[in-house]
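Reader: Please take a close look at the side-chain contacts here, the charged pairs above all. What holds to what, and how sure can one be of the coordinates?

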Amino acid sequence: MNVTTLKILLRKEVLLIRRNPIIPRLIVAMPILVMLIIPLVATLDVKNVGVAVVDNDRTMLSRRIITDMDASEYLSVAGCFFSYDEAFRLVERGEADAIVTIPKDYLNDLANGEKPDIDLKANGVNATKGTLGAQYATMSIAGTLSRWQAEQGISLALPQASTVNLYNPTLNFRNYMIPALMVVLLIIICGFLPALNLVSEKESGTIEAMNVTPVGRLEFVLSKLIPYWVAGILVVTVGILIGWLVYGLVPEGSIASIYLAAILFSLVMSGLGVFISNKSATILQSIFMMFAFIVVFQLMGGLFTPIASMPQWAQYITYAIPPRYFIEIMRAVYLKGATMADLWPQYAALTGFALLFCLVASLTYKKRT
Amino acid sequence: MNDIIEIQGITKRYSKLTALSQVTLSVPQGSVFGLIGPDGAGKTTLYQILTTLLNPDEGTATVAGLDVVKDFRRLRTVIGYMPEKFSLYPDLTVSENLQFFASLFGVGVNENFDLIAPIFGQLEKFPGRMAGALSGGMKQKLALSCALIHRPSVLLLDEPTTGVDAVSRSEFWDMLAQLKEKGITILVSTSYMDEAERCDRIALINKGKILDVDTPQELIKGLDKNLYNASASDMYPLLEALRRLPGVDDCYTFGATLHVATRDGFNPAEAILDLRRQGLADARIYPAKGNIEDLFIKLAKNDG
């Protein structure tokens, strides 16, 4: 490799990127938009779920359960009724998404050592809101009951809340999304911008003039990738800063493990980008190919839908989708404070993909036909 | 005189299409050598092989003693190539483009500036203008400057004057003559037949085959014989009538008149009478001066 040539080419690339009317703005604006807007709009985080309560018990305890639910910022008691039908009408009008029915003689039965059930019904139309609302209500009721027991100084076999969300106790969707969203930025900046850049040289014919110079293909391709690697690392830094300053989310684990994952993933995407540009003669072709990859990467990488809830065969496919590993690393480092030692299979997979894609990219790159 | 480009039996196929078939050609050092042929004749393919962008299927070629396949890396430093399509960076300025290509070859712009001075002179007025914003003629001058900045011994120009106005074309050929004076061998292709006469030697190429190679003067010698101009106010009926006349080999439009290629024994006076009988009252037939275009049509016709 000729370092002097690489420097000359890099200087030209940086000059061209700076002169491009769109790319520099995209590199600055995209991370900010993605990190500021998507966590707010693409949220599955639920607050103030309307709950209709049917109180058949009408005791001090049942009233306390209701006030505690209303006091939670995740629930709001939309109405208190004497019959299920009345409560259901509230759901039909869209004012409530869950119905909590406290049975007759609840307090009495509890005191007698029985295990009365509080009935929870969730609106399946707005599934997320309903299910989460029911979960919140379960947690709230469990809390009320345990406080009540402590005050009374008794210990009864109580129905326990079934769900405990570790690491993200309120299932705050933003905490789940922010670390993973950086994958979107790297896919575009390190994968697709250099690919477009390479294809545009083909389309404009400048590649022909370059190919008759003594410039080697390695220097040429590196000169296309290095500026975007730098941009990718900057963008991840901006993402981490926005996560901290705007959402107060700091990684539980080490920053170094985040950067290592980002660098490996950038290599994977660059390899793919160069491969796509090798296979396309025009920008339009390359955009279509990229689009196919973007759709699969974003929908199957576990960004929006958890991989664990996919059908088994689809879960096997996700092993072949590199963003999956990056998203897993980011979430584990951010939320669980996982270390590189914990995540070695993911790092190994990313390294493997990086090597594979770079190899394929260099094998398909032809200066001569 | 030494041959600086030697092409031996080059064949190149694109799946079913044979772009070049057994092309053998040598270009003497220090000459302006023209590659004349219509679109699709295989000129660009030949350039791509000579510039090491394409490997031939059969045959060998050397430029300045360097093999296009084995010595491609060194070969790239001794040639200057100007592709048919404008291939400089439109978002770099005039001087940035020149600087960029100079530094890629490891030379300073000033080192070889004497070579490009006559060409670059007109561009010096706007060094800060983006290459993409230049006029067609100026783009061509910049591209030529960039191809020359490393002082190549062979300059390969693929249809450099396509889409350039007549005055600029003539200027361009004057520039080539100056470069030849400085010892640079030039292989230039064109589909403009009138440009062929400004070359030292020309090769006529059609459908991937070389039809003939010689000096322009030698090639058109003897063409005047049996070649006539024909004109009438109704040109199309005239063309059809001439093609039916006995003793006429071929008849084709040539500028404002028709050229008629005939066999020995063709009598123009009789032909005029014949045409007038057919209602072409103002038909005229008179001897023509043959040029490369006539030769080309003749050779291409023989070739089928």
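**Side chains and their partners**

Author: B:Cys146 is buried, with 4% relative accessible area. A:Cys358 is partly exposed, at 34% relative accessibility. Neither belongs to a disulfide, as the structure holds 0 disulfides over all chains. For A:Cys358 the reason is distance. The closest cysteine sulfur is that of A:Cys190, and it lies 12 Å away, too far for a bond. The cut-off for a disulfide is 2.5 Å between the sulfur atoms.

Now the confidence. This is a predicted model. Chain B averages a pLDDT of 88, and 99% of the residues score at least 70. Within chain B, confidence peaks in strand β7 (residues 154-157), at a mean of 94. Confidence is lowest in helix α11 (residues 292-303) of chain B, where the mean is 77. Where pLDDT is low, predicted coordinates should not be read in detail.

Next, the charged pairs. Side chains of opposite charge can pair when their charged atoms come close. The count over all chains is 20 salt bridges. Three of them are taken up here, from chains A and B.

Start in chain A. A:Glu13 and A:Lys224 meet in a salt bridge, at 2.7 Å from N to O. This pair links distant parts of the chain. A:Glu13 sits in helix α1 (residues 3-19) of chain A, and A:Lys224 sits in helix α9 (residues 217-245) of chain A. In sequence the two are 211 residues apart. A:Glu13 and A:Lys224 are both buried.

Turn to A:Lys121 and A:Asp119. Their side chains form a salt bridge too, at 2.9 Å from N to O. Here the partners are partly exposed. A:Lys121 has a relative accessible area of 37%, and A:Asp119 has one of 32%.

Chain B supplies the third pair. B:Glu159 forms a salt bridge with B:Lys43, and the closest N and O atoms are 3.1 Å apart. B:Glu159 lies in the loop between β7 and α6 (166-181) of chain B, while B:Lys43 lies in helix α1 (residues 43-50) of chain B, so the pair ties together parts that are 116 residues apart in sequence. B:Glu159 counts as buried, at 5% relative accessibility. B:Lys43 is buried as well, at 3%.

Back in chain A, salt bridges with shared partners form one network. It joins A:Lys12, A:Glu13, A:Glu201 and A:Lys224.

Helix packing adds to the view of chain A. Helix α7 (residues 173-204) and helix α11 (residues 283-300), both of chain A, have axes that come within 10 Å. Those axes cross at roughly 165°. An angle over 145 degrees counts as roughly antiparallel, and α7(A) and α11(A) are therefore roughly antiparallel to each other. The crossing of α7(A) and α11(A) is right-handed.

One last residue in chain A: A:Asp70, in helix α3 (residues 60-71) of chain A. A:Asp70 counts as partly exposed, at 42% relative accessibility. A:Phe88 is 18 residues from A:Asp70 in sequence. The C-alpha atoms of A:Asp70 and A:Phe88 are 18 Å apart in space.

Terms used: Residues numbered from 1 in each chain as written. Chains lettered and ligands numbered in written order. Predicted model: local features only at pLDDT ≥ 70, side-chain atom pairs only at ≥ 80, totals over all residues. Heavy atoms only, no water. Buried < 20%, exposed > 50% of the residue type's maximum accessible area, 1.4 Å probe, protein only. pLDDT = per-residue confidence, 0-100. Helix = DSSP H or I, 4+ residues; strand = E, 2+ residues; numbered from the N terminus. Salt bridge = Lys/Arg side-chain N within 4 Å of Asp/Glu carboxyl O. Axes fitted to C-alpha atoms, helices over the stretch in contact; angles between N-to-C directions. Parallel < 35°, antiparallel > 145°, perpendicular 65-115°, else oblique. Left-handed = near helix turned anticlockwise from the far one by under 90°.
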